[in-house]
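Notebook open. I want to go through the cysteines, the charged pairs and the enclosed spaces, in whatever order suits.

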Amino acid sequence: MSMIILLLVGLSGTLAQHAPNTADNKQAIVHLFEWRWADIAAECERFLGPYGFGGVQVSPPNENRVVSNRPWWERYQPISYHLNTRSGSDEDFKDMVHRCNQQGVRIYADVVINHMCGAGGSGHGTAGSHFNADSLDFPGVPFGPNDFNDCGTCGTSDCNIHNYGDANQVRNCRLVALLDLKLSSDYVRGKIADYLNYMISIGVAGFRVDAAKHMWPGDMAAIFGRLSDLNTAYFPSGSRPFIAMEVIDLGGEAISASEYTHMGRITEFKYSAQIGSVFRKQNGQKLSHLGNFGEGWGMLSDNNAMVFVDNHDNQRGHGAGGSSILTFRDSRLYKLLDYSKMV
């Protein structure tokens, strides 16, 4: 398990779904990756609330496929939208959200809505729901064969992405063989909106949307347009859920982050890669070069970005950034960089 600090910058003047809904405009949230809900609730009361943190990004709360040896990435293979995982039950999740909100610490759920689990096989998920990936049958939702993009829609013989220069492939084909949902379907949109609205009713403040680059902006906007206002037990009337979308955009591909910024913030992977190269002194970089760090380095504007030194993906060599990414394994530089952001 790990704690990763994320920063929400430029809070003033934000659009509805860009605003993180933090108490007192707090700017730092933490990613408590793979923590149990009960432990997060206790951490909100013991440390995060008293020390002024604004929120917690939690791992995907939906039922997922059980993979041999239980790797972290099984959490990104949905079986249903029931809130039952190795982090805890539906009741545990509700208790965590309430206790953290009582401390002024908001909860942001990592949501996987682009796809279901990987192709092939059958079994039961973490909540006991049966699935058959071969026949595209997920009765826990329910989803069936008509709710997924096929090879004809995708345009490749195996339904998988082969060319990131082709926007149609990126958005209609299977990301690493994960079964790609047909988000153009009103039925599929409705099931996803129901899932998100259930968490809103519990008291979550918003969502980190996994694999947003692999979904058409119009489909996402249609889903977000169905979302309820936040729970007035914790938020002012009319508050909208915060949206932060994972769009890895380092340039050179058919899809850019700017296509999504009208709907919310973007997880700015350029920040991770470039700040790491400075602190590692790669390519002649020096701390003195940071005077115009941000938009001057080709990043998104403050109001459109959620930034981080590392996240659960690029800690493990996925996502973006390569050898420049700083993690807890580089203890001295990691602490120095975290301290520099706080002063």
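Burial cut-offs, before anything else: I call a residue buried under 20% relative accessible area, exposed over 50%, and partly exposed in between, using a 1.4 Å probe and protein chains only. This is a predicted model, where local features need pLDDT of at least 70 and side-chain atom pairs count only at pLDDT 80 or more, while totals for chains, interfaces and linings use all residues. Residues are numbered from 1 along each chain as its sequence is written, and side-chain values use heavy atoms, with hydrogens and water left out.

**Entry 1, salt bridges**

I count a salt bridge when a side-chain nitrogen of Lys or Arg lies within 4 Å of a carboxyl oxygen of Asp or Glu. Searching the whole structure gave me 18 of them. For helices and strands I take DSSP runs, helices being H or I with at least four residues and strands E with at least two, numbered from the N terminus.

I started with Glu246 and Arg208, whose closest N and O atoms are 3.3 Å apart. This pair ties together distant parts of the chain: Glu246 is in the loop between β10 and β11 (265-267), Arg208 is in strand β9, and 38 residues separate them. Glu246 and Arg208 are both buried. I also noted a network, in which salt bridges with shared partners join Glu34, Arg70, Glu74, Arg75 and Arg86.

Next came Arg189 with Asp219, at 2.7 Å between the closest N and O atoms. Here too the link spans distant parts of the chain, from Arg189 in helix α5 (residues 186-202) to Asp219 in helix α6 (residues 217-224), 30 residues apart. I find Arg189 buried, and Asp219 as well.

Then a local one: Lys94 pairs with Glu91, closest N and O atoms 3.5 Å apart. They sit three residues apart in helix α2, so about one helical turn separates them. Are these two buried or exposed? Lys94 is partly exposed because its relative accessibility is 30%, and Glu91 counts as exposed at 51%.

**Entry 2, disulfides**

My criterion is a pair of cysteine sulfur atoms within 2.5 Å. How many disulfides does the structure hold? I get three.

The link between Cys44 and Cys100 has its sulfur atoms 2.1 Å apart. I read 90° about the S-S bond, a right-handed link. It joins distant parts of the chain, with Cys44 in helix α1 (residues 37-48) and Cys100 in helix α2 (residues 90-102), 56 residues away. Cys44 and Cys100 are both buried.

For Cys151 and Cys159 the sulfur atoms are 1.8 Å apart. The S-S torsion is about -95°, so I logged this disulfide as left-handed. The two ends differ in burial class: Cys151 is partly exposed at 27% relative accessibility, whereas Cys159 is buried at 6%.

Cys154 bonds to Cys173, S to S 1.8 Å. The link is right-handed, with 95° about the S-S bond. It connects distant parts of the chain, Cys154 being in helix α3 (residues 151-154) and Cys173 in the loop between α4 (167-172) and β8 (178-180), 19 residues apart. Cys154 is buried at 2% relative accessible area, and Cys173 is buried at 1%.

Numbering the bonded cysteines in sequence order, I wrote the pairing down as 1-2, 3-5, 4-6.

Why is Cys117 left without a bond? Its sulfur is 14 Å from the closest cysteine sulfur, that of Cys159, which is too far. Cys117 is buried, with 0% relative accessible area.

**Entry 3, cavities**

I worked on a 1 Å grid over the protein atoms alone, where a cavity is a set of points that a 1.4 Å probe fits but cannot get out of, and lining residues have an atom within 4 Å of a point. Points are joined across faces, edges and corners, and the volume is the space filled by probe spheres set on them.

I count two cavities of 30 Å³ or more. The second largest has a volume of about 30 Å³. Which residues line the second largest cavity? They are Ile29, Gln57, Tyr108, Phe207, Arg208, Phe242, Ala244 and Met306. Strands β9 (206-209) and β10 (242-245) each supply at least two residues of this lining. Arg208 therefore turns up twice in my notes, in the lining and in the bridge to Glu246.

Conventions
On a 1 Å grid over the protein atoms alone, a cavity is a set of points where a 1.4 Å probe fits but cannot get out, and a pocket is an open set with protein on both sides within 12 Å along at least five of seven lines; lining residues have an atom within 4 Å of a point.
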